[in-house]
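Colleague: Before I rely on any of the labels attached to this model, I would like to go through them one by one and hear how each was assigned.
Modeller: Then please have the sequence and the coordinates open, and ask as we go.

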Amino acid sequence: MHRIRRTSGLTILVLSVFWSNLADAQSNVTTGMVQGTVVDAERTPLAGAVVEASNPDTGFTRQTLTDKDGRYTVSLLPPAEFDIRVLYPTLQPETRRGVSVALGSRVIVAFQMQPAVFKDEVVVT
């Protein structure tokens with residue numbers, strides 16, 4: 001009796017893992033993703049940078065943040081061309097236009113951000 005219960009529990013566990021992996025695989029077949037890294041001018045990884053993938057034709061937008069190593073993944077993107085934009089305080093925003101995402105694809109886009117240029121004008125009279 002105990003052997004049947006253990007086998008059933010093991011079977012359920014194996015099937016659960018199989019179905020969850022199958023669902024992940026199917027989502028990658030119907031969508032694509034953009035991955036990469038974001039670093040500053042000295043090539044130091046930037047944690048917490050905002051990475052936005054937007055389709056200018058449809059307005060579809062998806063955002064994520066970089067991790068402590070400056071890595072990001074924007075997943076579940078429908079096939080299309082996207083503008084990938086990165087924002088980080090005190091650094092110049094960076095945009096890559098026309099990044100093509102196909103079904104099941106993983107597109108790598110790396111960014112090296114530069115210091116922002118602030119233009120202040122002082123008028124003396």
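Colleague: Why is N55 called buried or exposed, and which value decides the label?
Modeller: N55 has a relative accessibility of 7%, and buried means under 20% relative accessible area, exposed over 50% and partly exposed in between, with a 1.4 Å probe and protein chains only, so N55 counts as buried. I should say at once that this is a predicted model, in which local features need pLDDT of at least 70 and side-chain atom pairs count only at pLDDT 80 or more, while totals for chains, interfaces and linings use all residues. Residues are numbered from 1 along each chain as its sequence is written, and side-chain values use heavy atoms, with hydrogens and water left out.

Colleague: Where is N55 found, and what does N55 touch?
Modeller: N55 is found in the loop between β2 (50-54) and β3 (61-65), where strands (E, at least two residues) and helices (H or I, at least four) are DSSP runs numbered from the N terminus. Contact means heavy atoms within 4.5 Å, and, leaving aside residues up to four places away in sequence, N55 touches F60, A80, E81 and F82.

Colleague: Two of those names are phenylalanines; what makes F60 and F82 an aromatic pair, and of which kind?
Modeller: Rings of Phe, Tyr and Trp (its six-membered ring) pair if their centres lie within 6.5 Å, and planes under 30 degrees apart count as stacked, over 60 as edge-to-face and the rest as tilted. For F60 and F82 the centres are 6.4 Å apart and the planes are at 70 degrees, which gives an edge-to-face pair. By this rule the count comes to one aromatic pair. F60 lies in the loop between β2 and β3 whereas F82 lies in strand β5, so the pair ties together parts that are 22 residues apart in sequence.

Colleague: How are F60 and F82 classed by accessibility?
Modeller: F60, with a relative accessible area of 27%, is partly exposed, whereas F82, at 0% relative accessibility, counts as buried.

Colleague: How do you know which strands form the open sheet, and in what order?
Modeller: Two strands pair if DSSP finds at least two bridges between them. Five bridges join β2 to β3, and β2 and β5 also pair over five bridges; the four strands of the open sheet come in the order β3-β2-β5-β6, with antiparallel pairing. Individual positions show this too, since V51 stands opposite T64 in β3 and E52 has R85 in β5 as its bridge partner.

Colleague: What makes β3 and β6 the edges of this sheet?
Modeller: Each of β3 and β6 has a single partner strand, so one side of each is left without a neighbour in the sheet.

Colleague: What is called the largest nonpolar core here, and which residues have the most contacts inside it?
Modeller: A nonpolar core is a set of buried Ala, Val, Leu, Ile, Met, Phe, Trp, Tyr and Cys residues joined through side-chain atoms within 4.5 Å. The largest such set has 20 residues, and V34, V38, Y72 and I84 have the most contacts inside it. At least two residues of this core come from each of β1 (32-39), β2, β4 (71-77), β5 (80-87) and β6 (94-101), and β5 supplies the largest share, four residues.

Colleague: Why does I84 count as buried, and what is its value?
Modeller: I84 has a relative accessible area of 1%, and is therefore buried. I84 lies in strand β5, and its contacts beyond four places in sequence include V34, V51, Y72, V99 and F111. Y72, for its part, touches residues including V34, V38, V51, I84 and F111.

Colleague: What is notable about the phi values of R43 and T90, and where do R43 and T90 sit?
Modeller: R43 has a positive phi of about 65 degrees although it is not a glycine, and R43 is found in the loop between β1 and β2. T90, in the loop between β5 and β6, is likewise a residue other than glycine with a positive phi, near 70 degrees. R43 counts as exposed at 61% relative accessibility, and T90 is exposed with a relative accessible area of 58%.
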